[in-house]
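Visitor: I would like to learn how to read a protein model, one feature at a time. Could you walk me through one?

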Amino acid sequence: MNSYDLSNLIVEKIYALNRINITPHQKLHRVNRERNAIAIKTSGKTVYTAKGKEYVSDSSHIVILPKGSSYSCICSEPGECLVIEFDA
């Protein structure tokens, strides 16, 4: 998870749109993500950690999860999250 210039991002194919409800304080790990994804937290708060940096996903912050990235996440406040998996 890095800073990316998204001004030229073209979504070529959407593979999945998932509604996820993670149990509070449940920690998940993902290694070498298969596809790009956008996590849109409509309520609650989830903190993603990648390469020693933390990224907050809440109703004010969308998180981009790049293809090939490895990260962990923990739900600190329960709520719904929409995840769009895509190729770009």
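Guide: Gladly! Let us begin with burial: a residue counts as buried when its relative accessible area is under 20%. Keep in mind that this is a predicted model.

Visitor: Let me try that on a glycine. Is glycine 79 buried or exposed?

Guide: Glycine 79 has a relative accessible area of 14%, so it is buried. This residue sits in the loop between E7 and E8. Its C-alpha atom is separated by 6.9 Å from that of lysine 45, although the two positions lie 34 residues apart in chain numbering.

Visitor: Lysine 45 makes me curious about strands. How do strands of a sheet pair?

Guide: In general, strands of a sheet pair through backbone hydrogen bonds, and they can do so in a parallel or an antiparallel way. Here, lysine 45 has aspartate 58 in E5 as its bridge partner. Strand E4, residues 45-50, is joined to E5 by six bridges in the antiparallel sense.

Visitor: What is the strand order of the open sheet that holds E4 and E5?

Guide: The order is E2-E7-E4-E5, four strands with antiparallel pairing. Strands E2 (27-30) and E5 (53-58) are at the edges with a single partner strand each, so one side of each has no neighbour in the sheet. From one strand to the next, the twist averages 25 degrees.

Visitor: And which strands make up the open sheet with E8 in it?

Guide: That one also has four strands, in the order E1-E8-E3-E6, and its pairing is antiparallel. E1 and E6 are the edge strands, each pairing on one side only. Ignoring direction, neighbouring strands of this sheet are turned by 20 degrees against each other on average.

Visitor: How many bridges join E1 and E8?

Guide: Eight, in the antiparallel sense. To follow the register in your viewer, start at leucine 17, which stands opposite isoleucine 84 in E8. Then look at asparagine 21, whose bridge partner in E8 is glutamate 80.

Visitor: What about E3, on the other pairings of this sheet?

Guide: E3 and E8 pair over six antiparallel bridges, with asparagine 36 opposite phenylalanine 86 in E8. E3 and E6 pair in the antiparallel sense as well, over three bridges. There, alanine 39 has valine 63 in E6 as its bridge partner.

Visitor: How many residues of E3 are buried?

Guide: Five of its six, which leaves E3 mostly covered.

Visitor: Now the core. Which residues of the largest nonpolar core touch the most other members?

Guide: The idea is to look for buried nonpolar residues joined through side-chain atoms within 4.5 Å. This core has 13 residues, and those touching the most other members are Ala39, Tyr48, Val63, Leu65, Tyr71 and Val83. Two or more residues come from each of strands E3 (36-41), E4, E6 (63-65), E7 (71-77) and E8 (80-87). E7 contributes the most, with three residues.

Visitor: Let me turn to the cysteines. What is a disulfide in chemical terms?

Guide: A disulfide is a covalent bond between the sulfur atoms of two cysteines. This structure holds zero disulfides. Cysteine 73 is in none, with the nearest cysteine sulfur, in cysteine 81, 8.5 Å away.

Visitor: Why is cysteine 81 without a bond to cysteine 73?

Guide: Because the two sulfurs are 8.5 Å apart, which is too far for a bond; the cut-off used here is within 2.5 Å.

Visitor: Are these two cysteines buried or exposed?

Guide: Cysteine 73 has a relative accessible area of 7%, so it is buried. Cysteine 81 also counts as buried, because its relative accessibility is 6%. Cysteine 73 lies in strand E7, and its C-alpha atom is 6.6 Å from that of histidine 29, 44 residues apart in sequence.

Visitor: One last feature: how do I read the largest pocket, and which residues are the closest to its centre?

Guide: Start with the space inside, then ask what lines it. The largest pocket holds about 250 Å³. It is lined by 19 residues, and Ile20, Leu28, Tyr48, Tyr71 and Cys73 are the closest to its centre. The elements giving two or more residues to the lining are strand E1 (13-21), E2, E3, E4, E7 and E8.

Notes
Residues are numbered from 1 along each chain as its sequence is written. This is a predicted model: local features need pLDDT of at least 70, side-chain atom pairs count only at pLDDT 80 or more; totals for chains, interfaces and linings use all residues. Side-chain values use heavy atoms; hydrogens and water are left out. Two strands pair if DSSP finds at least two bridges between them. Axes are lines fitted to C-alpha atoms, for helices over the stretch in contact, and angles run from 0 to 180 degrees between N-to-C directions. Buried means under 20% relative accessible area, exposed over 50%, partly exposed in between (1.4 Å probe, protein chains only). On a 1 Å grid over the protein atoms alone, a cavity is a set of points where a 1.4 Å probe fits but cannot get out, and a pocket is an open set with protein on both sides within 12 Å along at least five of seven lines; lining residues have an atom within 4 Å of a point. Grid points are joined across faces, edges and corners, and a volume is the space filled by probe spheres set on the points.
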